[in-house]
Amino acid sequence: PGKTLDDFMKIAQHEDVGALFSVSTSVGGPGSVDQGQKSTAILNLTPGQYVVICIVPGADDMPHYKMGMLAPLTVSQATQEGKPPAASVTVDLVDFSFTNLPRQVKAGKHVWKVVDTGKQLHEIILNRIAPGMSFAQIEKILTAAPPDSTSPHAGPPPFVGMAGIAPLNPGETNWAVLDLKPGDYFAICFVPDIKTGKPHFELGMIMPFTVKPGKA
């Protein structure tokens with residue numbers, strides 16, 4: 001309230017991501033995925049002015065929104081109220097964990113209700129681990145220093161971003177619409193901590209789960 005679309009766009013052009021969240025509420029949306037993948041989310045939007053934005057950094061660490069990946073969106077008053085979708089599980093994003101994240105699910109279609117019940121901004125990104133890799137190896141890679149040209153882990157990471165929910169302010173809710181294939185997965189939050197600056201996964205927001213063959 002009290003801020004305009006022009007205010008937001010000026011900050012997007014000249015300041016960092018943190019400044020954007022100081023003048024707006026992050027209501028989620030589809031989480032970041034790798035090329036060729038599809039992320040679907042259901043939101044209950046109240047009337048107002050929004051901006052659709054990608055905060056993923058490029059190779060030079062410049063966020064994609066500074067390269068043009070942002071667009072205004074006006075939400076008008078609804079003519080009728082919709083019903084929330086039925087969800088098989090509710091995952092709470094807390095400081096710093098994924099509460100009620102199932103450790104094993106069946107392959108196929110799922111709807112997960114995702115709620116930020118913490119005190120900070122959080123996201124949940126679901127990644128499928130590459131064959132031959134373990135979750136323990138993934139943790140070591142993610143928490144290690146940036147690899148140099150001689151590192152055996154230099155190059156693309158050994159996992160694929162498959163789906164998820166973009167950053168949510170405390171109290172916000174989304175529904176992740178998933179179509180999961182068998183394999184080993186992990187959920188992660190890359191949002192930086194307000195106090196330490198560390199990504200939330202270094203504070204505990206990274207958890208493995210398995211998708212077993214069979215219909216959900």
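Two strands count as paired here if DSSP finds at least two bridges between them. With that in hand, welcome to a tour of this predicted model, beginning with one such bridge: Trp112 has Ala176 in E10 as its bridge partner.

## The sheet around E7 and E10

Strand E7 (residues 108-116) and strand E10 (residues 173-180) run antiparallel and are joined by eight bridges. Both belong to an open sheet of five strands, ordered E1-E10-E7-E4-E5, in which the pairing is mixed. At its edges stand E1 and strand E5 (97-99); each has a single partner strand, so one side of each is left without a neighbour in the sheet. On average, and with direction ignored, neighbouring strands of this sheet are turned by 30° against each other.

## The sheet from E6 to E9

Another open sheet, also made of five strands, follows the order E6-E12-E11-E8-E9, again with mixed pairing. Here the edge strands are strand E6 (104-106) and E9, and each of them pairs on one side only. From one strand to the next, the twist averages 25°. Helix H3 (residues 135-143) packs on this sheet and touches E8, E9, strand E11 (183-188) and E12. The direction of H3 makes about 145° with that of E12.

As general background, strands of a sheet pair through backbone hydrogen bonds, and they may do so parallel or antiparallel. The table gathers the strand pairs for which bridges are listed here.

| Strand pair | Bridges | Direction |
|---|---|---|
| E7 (residues 108-116) and E10 (residues 173-180) | Eight bridges | antiparallel |
| E8 (residues 122-129) and E9 | Seven bridges | antiparallel |
| E6 and E12 (residues 206-212) | Three bridges | parallel |

Some individual residues help to place these pairs in the viewer. Lys106 has Lys212 in E12 as its bridge partner, while Asn127 stands opposite Gly161 in E9.

## Ala166 and its strand

What is the burial state of E9? Nine of its 10 residues are buried, so E9 is largely enclosed by the rest of the structure. Ala166 sits in this strand, which covers residues 159-168. With a relative accessible area of 15%, Ala166 is buried, because the cut-off for that class is under 20%.

Which residues does Ala166 touch, not counting those up to four places away in sequence? They are Gly28, Gly29, Pro30, Gly31, His122 and Glu123. A further long-range relation involves Ser32: it lies 134 residues from Ala166 along the chain, yet the C-alpha atoms of the two are separated by 6.9 Å.

## His200 in its loop

His200 is placed in the loop between E11 and E12. Is His200 buried or exposed? Its relative accessibility is 0%, so His200 counts as buried. Leaving aside neighbours within four places in sequence, the contacts of His200 include Phe96, Gln120, Leu121 and His122. Also among them are Cys189, Phe190, Val191, Pro192, Asp193 and Met205. His122 is thus a contact of His200 and is touched by Ala166 as well.

## A nonpolar patch on the surface

Finally, let us turn to the outside. Leu45, Val52 and Leu73 make a nonpolar surface patch of about 230 Å². Leu45 is found in the loop between strand E1 (40-42) and strand E2 (48-53). Its relative accessibility is 33%, so Leu45 counts as partly exposed; residues need over 30% to take part in a patch.

Note on methods:
Residues numbered from 1 in each chain as written. Predicted model: local features only at pLDDT ≥ 70, side-chain atom pairs only at ≥ 80, totals over all residues. Heavy atoms only, no water. Helix = DSSP H or I, 4+ residues; strand = E, 2+ residues; numbered from the N terminus. Buried < 20%, exposed > 50% of the residue type's maximum accessible area, 1.4 Å probe, protein only. Contact = heavy atoms within 4.5 Å. Patch = residues over 30% accessible without salt bridge, like charges linked within 9 Å, V, L, I, M, F, W, Y side chains within 5 Å. Areas by Shrake-Rupley, 256 points an atom, 1.4 Å probe, with all protein chains shown as cover. Salt bridge = Lys/Arg side-chain N within 4 Å of Asp/Glu carboxyl O. Axes fitted to C-alpha atoms, helices over the stretch in contact; angles between N-to-C directions.
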